Amino acid sequence: MKVVLFCGGYGMRMRSGVFDDVPKPMAMVGPRPLIWHVMRYYAYFGHTEFILCLGYGAHHIKDFFLNYEETTSNDFVLRGGRTELLSTDIADWTITFAQTGIESPIGERLRRIRHHLDGDEMFLANYADVLTDAPLTEMIDRFTARDAGASMMVVPPQSSFHCVELGEDGLVGGITAVSELPLWENGGYFVLRQEIFDHIPEGGDLVADGCAQLAKQGRLVAHQHRGFWKPTDTVKERAALDEAYARGDRPWAVWERDTAGAGA
């Protein structure tokens, strides 16, 4: 199944300075950028055809893959001055690099790569900046069995803030952590059918337009995930993932669970 990755946004909250033009999916976690971790996740489950929706800082992403060095994350033998890889990361991947505009919203980026999907009934989509250990095969199977146009992974609220209940007299009636409320957030992992294109207008958004319209029709399903899920919207969040990687705490790296890498 093809995987569409949205990786053309500015990522302003991830900037470390005014001259930093690296797009958010290229922020480093360990020795590799975020987008690599997301792609390795999908590849582990057998999905190795990627369509990258490029925009801002596209040259950084192109250069990374055009000059990809397998020895960074794979064992190898150096013999007679030549390297013999014992394993590879991306040798069996197919990656389409598609420029989808600098200012395009997510829905418009998706519209602009529709022809690359070859009319496939179903495909996967992701923001390319969120890491998880969610059971992808289960998510796909549950969606396939349903008569729906799209599936969205949802997660409990991540905010550390508290909601305060106020009475008319201004007295506080209760305090509840946002994470304890019966609410769910968009987790950024989608399984979509071609039907989604019927609900995204020119210049539209995937969630606010496409998914919202399907929800009104009762054709949007949710996959609830309470396991590991971490966004990387800020420098602090990216640094936390980088530190976790360094100490070996990386539950999103499902490909490290066994040597075969067959997780489907």
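**Fold, cysteines and backbone of a predicted model**

Trainee: How far apart are the mean positions of the positive and negative charges of the chain?
Mentor: This is a predicted model. The chain carries 25 positive and 37 negative charges. The separation between their mean positions is 2 Å.

Trainee: How many helices and strands does the chain have?
Mentor: Both kinds of element are present. The secondary structure amounts to six helices and 15 strands.

Trainee: Why is the chain said to be as compact as a globular protein of that length?
Mentor: Take the globule rule for 264 residues, which gives 18 Å. The chain comes close to that value, so it is as compact as a globular protein of that length. Its radius of gyration is 20 Å.

Trainee: What share of the contacts with a separation of 6 or more joins residues 24 or more positions apart?
Mentor: A contact needs heavy atoms within 4.5 Å. Among contacts with a separation of 6 or more, the share from residues 24 or more positions apart is 74%.

Trainee: How many residues of helix 1 are buried?
Mentor: Helix 1 covers residues 34-44 and is mostly covered. Its buried residues include Trp36, Met39, Arg40 and Tyr44. The count is eleven of eleven.

Trainee: Which residue just after helix 1 takes a positive phi?
Mentor: The angle there is about 95°. The residue is Gly46.

Trainee: How many disulfides are there?
Mentor: A disulfide needs two cysteine sulfur atoms within 2.5 Å. For Cys53, the nearest cysteine sulfur is that of Cys7, 6.7 Å away. The sulfur of Cys211 is 15 Å from its closest cysteine sulfur, in Cys53, too far for a bond. The count is zero.

Trainee: Is Cys211 buried or exposed?
Mentor: Buried means under 20% relative accessible area. Cys211 has 2% relative accessibility. Cys53, for its part, is at 0% and is buried. The verdict for Cys211 is buried.

Trainee: Where is Asp118, with its positive phi?
Mentor: Most residues other than glycine have a negative phi. Asp118 has phi near 55°. At 59% relative accessibility, Asp118 is exposed. Its place is the loop between helix 3 (106-112) and strand 8 (122-126).

Trainee: Is Ala128 buried or exposed?
Mentor: Ala128 is not a glycine, yet its phi is positive, about 65°. It sits in the loop between strand 8 and strand 9 (130-132). Its relative accessibility is 0%. So Ala128 counts as buried.

Note on methods
Residues are numbered from 1 along each chain as its sequence is written. This is a predicted model: local features need pLDDT of at least 70, side-chain atom pairs count only at pLDDT 80 or more; totals for chains, interfaces and linings use all residues. Side-chain values use heavy atoms; hydrogens and water are left out. Helices (H or I, at least four residues) and strands (E, at least two) are DSSP runs, numbered from the N terminus. The radius of gyration is taken over C-alpha atoms; the globule rule is 2.2 Å times the number of residues to the power 0.38. Lys and Arg count as positive and Asp and Glu as negative; His and the chain ends are not counted. The place of a charge is taken as NZ of Lys, CZ of Arg, CG of Asp or CD of Glu. Buried means under 20% relative accessible area, exposed over 50%, partly exposed in between (1.4 Å probe, protein chains only).
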